[in-house]
Amino acid sequence: MGLAVITHPDTCLSVLGINDLVYRLENLQKKKTSSLDQTELKNILTSLVKRLTEDEKKALQHRFSLPKFSDNILSKIPKQLNTSDLKWLIDFTKSSSQAQKACQICLEQCPIKDEKPIVFVSRKNADTGKDYLWPSVRKTCVGCGVCEEKCPTPVASIQITPRLKWSETQPER
Ligand code: SF4
Ligand code: SF4
């Protein structure tokens, strides 16, 4: 079994202080395709709905003229969302409590719940002086690869690398 390692800290959203849902919504907006990727949009909405406060849920309900907010809200939102819906969702997400939280998808999706393999450690950028959270991987990681698969950056910022045996870390004689 391998070990998860932050292989691309320069793209890691937690290091950059970017919320994963805002990032994914803006990526959809940047795509120059004639139609929006409805599946990705609904997937983002599914995650967003789970994270909203009660007041924020009401705002979403109002925007899409839904009579009542419920867990299956997505089934009641118009089937095809358009670019103005997307723009509204980006502004809404950016102004929500959600936007204050940088990406932690690797931790959230990790199947090991006891002795969590990923811990977010506070660090300071020496150049900018800004604080950020570094995803630190612990030895309880079993190398299952879920974090790499779910990481939202184009090339996963966290990847599975071979776990070296102790003997392999020793200098050759
Ligand atoms: S999933 Fe983890 S490694 Fe990937 S961008 Fe988010 S915090 Fe960084
Ligand atoms: S998801 Fe799997 S590979 Fe990633 S940190 Fe958790 S146990 Fe390790």
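**Two domains and a ligand shell**

In this predicted model, the side chains of R51 and E108 meet in a salt bridge, with 3.7 Å from N to O.

Biologist: Across the interface of domain 1 and domain 2, how many salt bridges does the rule find?

Modeller: The protein chain is divided into domain 1, covering 3-18 and 103-169, and domain 2, covering 20-100. R51 and E108 are joined by a salt bridge, and across the interface of the two domains the number that the rule finds is 1.

Biologist: How many residue pairs in polar contact does the rule find across that interface of domain 1 and domain 2, counting pairs with both at pLDDT 80 or more?

Modeller: By class, the side of domain 1 that touches domain 2 has 6 nonpolar residues, with 1 polar and 1 charged. With both residues required to be at pLDDT 80 or more, the count of pairs in polar contact is 0.

Biologist: Which three residues supply 57% of the area that domain 1 buries against domain 2?

Modeller: The C-alpha centres of the two domains lie 27 Å apart, and 8 residues of domain 1 are in contact with 4 residues of domain 2. The area buried between them is about 480 Å², of which carbon and sulfur atoms give 66%. On the side of domain 1, the three residues that supply more of this area than any other three are L13, I18 and P152.

Biologist: How do the residues of the shell around ligand 2 divide into nonpolar, polar and charged?

Modeller: Ligand 2 is surrounded by 13 residues, and the closest are C110, C141, C144, G145 and C147. Cys counts as nonpolar and Gly as polar, and the shell as a whole divides into 11 nonpolar, 2 polar and no charged residues.

Terms used. Residues numbered from 1 in each chain as written. Chains lettered and ligands numbered in written order. Predicted model: local features only at pLDDT ≥ 70, side-chain atom pairs only at ≥ 80, totals over all residues. Heavy atoms only, no water. Near = heavy atom within 4 Å. Domains from an automatic or database assignment. Contact = heavy atoms within 4.5 Å. Buried area = accessible area lost by both parts, 1.4 Å probe. Salt bridge = Lys/Arg side-chain N within 4 Å of Asp/Glu carboxyl O. Polar contact = N/O pair within 3.5 Å; in protein donor to acceptor, adjacent residues only side chain to side chain.
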